[in-house]
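Here are a few short exercises to work through with the model open beside you. Try each task before reading its solution.

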Amino acid sequence: MPKKKPFSAGRVPLILFLCQIVSALDVPLDPKLLDDLVQPPTITQQSPKDYIIDPRENIVIQCEAKGKPPPSFSWTRNGTHFDIDKDPLVTMKPGSGTLVINIMSDGKAETYEGIYQCTARNERGAAISNNIVVRPSRSPLWTKERLEPITLRNGQSLVLPCRPPVGLPPAIIFWMDNSFQRLPQSERVSQGLNGDLYFSNVLPEDTREDYICYARFNHTQTIQQKQPISLKVISVDELNDTIAANLSDTEFYGAKPSKERPPTFLTPEGNESLKEELRGNVLSLECIAEGLPTPIIYWIKEDGTLPVNRTFYRNFKKTLQITQVSEADSGNYQCIAKNTLGAVHHTISVTVKAAPYWIVAPQNLVLSPGENGTLICRANGNPKPRIGWLTNGVPIEIAPDDPSRKIDGDTIIFSNVQERSSAVYQCNASNEYGYLLANAFVNVLAEPPRILTSANTLYQVIANRPALLDCAFFGSPRPTIEWFKGTRGSALHEDIYVLHDNGTLEIPVAQKDSTGTYTCVARNKLGMAKNEVHLEIKDPTRIIKQPEYAVVQRGSKVSFECKVKHDHTLIPTIMWLKDNGELPNDERFSIDKDHLVVTDVSDDDGGTYTCAANTTLDRVSASAVLRVVAPPPTPAPIYDVPNPPFDLELTNQLDKSVQLTWTPGDDNNSPITKFIIEYEDAMREAGIWHHQAEVSGTQTTAQLKLSPYVNYSFRVMAENSIGRSVPSEASEQYLTKAAEPDQNPTAVEGLGTEPDNLVITWKPLNGFESNGPGLQYKVSWRQKDGDDEWTSVVVANVSKYIVSGTPTFVPYLIKVQSLNDVGFAPEPAAVMGHSGEDLPMVAPGNVRVNVVNSTLAEVHWDPVPLKSVRGHLQGYRIYYWKAQGSSKRNRRHIEKKILTFQGSKTHGMLPGLQPYSHYTLNVRVVNGKGEGPASTDRGFHTPEGVPSAPSSLKIVNPTLDSLTLEWDPPSHPNGILTEYTLKYQPINSTHELGPLVDLKIPANKTRWTLKNLNFSTRYKFYFYAQTSVGSGSQITEEAITTVDEAGILPPDVGAGKAMASRQVDIATQGWFIGLMCAVALLILILLIVCFIRRNKGGKYPVKEKEDAHADPEIQPMKEDDGTFGEYSDAEDHKPLKKGSRTPSDRTVKKEDSDGSLADYGEGVNGQFNEDGSFIGQYSGRREKEQAEGNESSEAPSPVNAMNSFV
């Protein structure tokens, strides 16, 4: 979509503009502008720098250029003017600079060898081509030589030299036999980069008389062969016999048996060697060793590691290849040859040089008179290239002087240009390894505005859809654009309208009142132009009565209704479809106004019927399903499946088809309805059968379409109404010829893993889809928003390629094309990817905090510029932490919490804060690479809240009528404590609760003594703290006063209980013993009665007792008299649990937030959806209950012992 801008735009760079954002490289050659606009020449097409021609064909040297007026062309050859008029064999194509040299009629290609350069010239300047070196290809014959037979004993090493003739371009070498079959190669036998055939050790199986080296010259499609070499490998005994028979007829290497030996290198020689390669090429290093047993080759880089994804091993690891080599790949590489008897090393010192390559290539510059501009030409290489400037093909040092330009190294600065400043400049960057030449023109134009959109154009748009009104314009300086509605309307503003850079006015949501006449006005300092267009808004087309789902029986009638409402000025076309296709051509289907009627419905009529209403502006549709049902069929007689076909035969065997013939088996009383043909690819998937075709049951032959490079076998199955037969026996095998691939890889993606790379991945073709041997992929890429040429590399059958040195997070166009030894697949479609992301550069600004309550705060921030994100924006992340006192900071590390908000959200909520605390936070932007810098820390305070329960409560020093309470303050006061509240009440022997006493205690106290209590009485205490906000959670405890002063025992620490020694004395009295016996007897009787009732199905009424005495820990305090309800435990005699914190009327429930949590971020206790809203639950941390002491504070007694026993 074109870039949008506000209507009130200021002065912008002066560029030419036509219909959309146009590169400054071209003046728009619209027919309306051709008569008076000029443009310097631009070379659009030229032959390659190193141009190797076929001497059997005419020579065509390309040179195409454009400009206004059309340029004229001239040529130089070997630095001097090439007068084509004097050579009858040389012609120039009309309207072009392309040369055609007719050597087919009379001439030799060698005559026209040389360095050619084309010049395209018009009144605005001259552009030149590269130096085109024209050389004819050569495929010379091998020098005749006599090759003596070679006889070796088993185990010796051998090198069979190839030494091909020097051709242009160099030949491709391979070894074959007389039958044109490639010779098998292995770790023991392999071909070197120079074409020689190396044997680490020979075996008797190597004996043959037809070792032939072939040289293939691709340019002329010729193959030359060397004389065959004869090799005989014999054992020591055979060799001695040969020596005895005729010593002089054999090259004799010794008669001793070859023993096992450590490796030595056949190539390269010595311990060290040098290798130089150019940047961007493939570095190939080779080490081939001999030895017995056969050595294995290993590779290492002495001062680093081999680059991942660019390193490949060829020729059984004897060749190391590094693709896209760069200066970083320079260094020492070591190959190691090992066998069981030892190892040998060779070091190859690699130096990577570089021909010039662009850093910033000069770009065409279009200016208006009086403006300024620059041409920049920056290149790099190894060694550093020299930069030279030319103007109109002449070195700038000797070119006519231009006061508007100033040369500063690789930059030409233009100031106050005039029309005479127009010219074509050439930048030449060169070193000893090559050169770069770029043309860039400076075109000075002064043109008043012109509007190219046709006047009074009518635009019709459906209501509530966007409307785009065009205003294609041209001018230099670049005009500003204004839009007006009506004859006297004011300029349209950005609040409702959007003005695009190409002049188009966009109405995002067009309404009925948008109808009218709009005027586009273009202005620059040279004048003004305007144009009117008209807009009409139409009502949308709607289906007000849709077809409905229908179930009908076979043979009946069905009708679908479709009523359409539309704008009265538009004429709709109603079309009915079945399963998204045309209706069957059947008289049973009829259309009557708004209805589709189907009579005599059959099973084939079932499906989805769609009513589609089309106008010139919109389209709507509605669908319904028709289901056809029928009574169940009458059961058929039981028959059997057919017998399998037999006698399969293949005839008419062509490259991509074959005819299969078979004889049907018995149909077993049920006619055969069809034959199913399957195939097997014995080359790739032996034993796996695939569907090939189906034919009717009356056919016994089938013409089958085949794929290239597949070893086919076929089988046939017959099918009748009962089922399918077993497969027939397989046919003979048929191997089809190889062909180029039919398709390209799928799932092509480009995604960087580092800031400076682009990882291109794809789903490779399977073996069946390769169509031939040598499957490879041509990977191409270029930046989407630029004029760069495609960069391509051919890789092996892999699924990934990494492009290094890319800019950070830049869109790329990517293509992956399949190829094999036969040729290329069709040109693939380009897909878009991105180079790697880098960490964001800018921190969010203007961070604000709004404290909602004591546990919740809202944070706002300004978004960062999208360009600074340098990746896919994933969201914003808030780090926040609670400020610690100096003592706490020494004890533990400050815990930082993190919340993440997805997408471009600019605010969020912080839950679960500690009341009455100071917090600090910062905000960071997050992309796929990670986090950006943190914003400036922002601090805030939370208000007071209710405190937690006191940390502990102990009862110490019990006496006859007093108890002393000691406690620790709450671990989380959540504010300033104002006071403590103590409530207590007695509990009698039947566990009933007495009157509740309420007591306020100052906040600075941690100890309190209660006096005037009843002796030997159990009390239950409820204790909590308060702040100015309210009461906190309570803690409970129980204790007993002593019987008398003499019976005081030391308190049980933690239990807060005391017991009297007098109870021990009572237990020894006779009357007490008699009483206990009576109680035991009553209990025994009670047990007997319960046992009898249980056997009769009765139930012991424990539940009634439990209901009558509810647990005070869950029983609320009565509001009318301030007392608690009756106390009861779940068991009759179980004492109250010490340390419980059962709620009273002051109970503080679990601290949950009742507010909306829609803006909470992702953290430990919550999760967030894409827009940052909270989808989990938040819960505060419960304070641990601190219970101390025993379960019961009662003194042990026979009664308790008896109850426990029972």
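A disulfide is taken here as a pair of cysteine sulfur atoms within 2.5 Å. Please keep in mind that the model is predicted.

**Exercise 1.** Find out which hand the disulfide of Cys471 and Cys520 has, and where its two ends lie.

*Solution.* Start with the distance: the sulfur atoms of Cys471 and Cys520 are 1.8 Å apart, and this falls within the 2.5 Å cut-off. Next, take the torsion about the S-S bond, which is about -65°, so the link is left-handed. Now place the ends: Cys471 sits in the loop between β41 and β42, while Cys520 belongs to strand β46, 49 residues apart. Finally, check the surroundings: Cys471 and Cys520 are both buried.

**Exercise 2.** Work out which parts of the chain the disulfide of Cys63 and Cys118 links.

*Solution.* The sulfur atoms of Cys63 and Cys118 lie 2.0 Å apart, and the torsion of -70° makes this link left-handed. Cys63 is in strand β5 and Cys118 in strand β10, so the bond joins distant parts of the chain, 55 residues apart.

**Exercise 3.** Decide whether Thr1042 is buried or exposed, then look for a polar partner of its side chain.

*Solution.* First, locate Thr1042 in the loop between β85 and α4. Its relative accessible area is 1%; buried means under 20%, so Thr1042 is buried. Then look at the side chain of Thr1042: one of its polar atoms lies 3.2 Å from the backbone nitrogen of Leu960.

Methods:
Residues are numbered from 1 along each chain as its sequence is written. This is a predicted model: local features need pLDDT of at least 70, side-chain atom pairs count only at pLDDT 80 or more; totals for chains, interfaces and linings use all residues. Side-chain values use heavy atoms; hydrogens and water are left out. Helices (H or I, at least four residues) and strands (E, at least two) are DSSP runs, numbered from the N terminus. Buried means under 20% relative accessible area, exposed over 50%, partly exposed in between (1.4 Å probe, protein chains only). A polar contact is a pair of N or O atoms within 3.5 Å; within protein, one must be able to donate a hydrogen and the other to accept it, and residues adjacent in sequence count only if both atoms are side-chain atoms.
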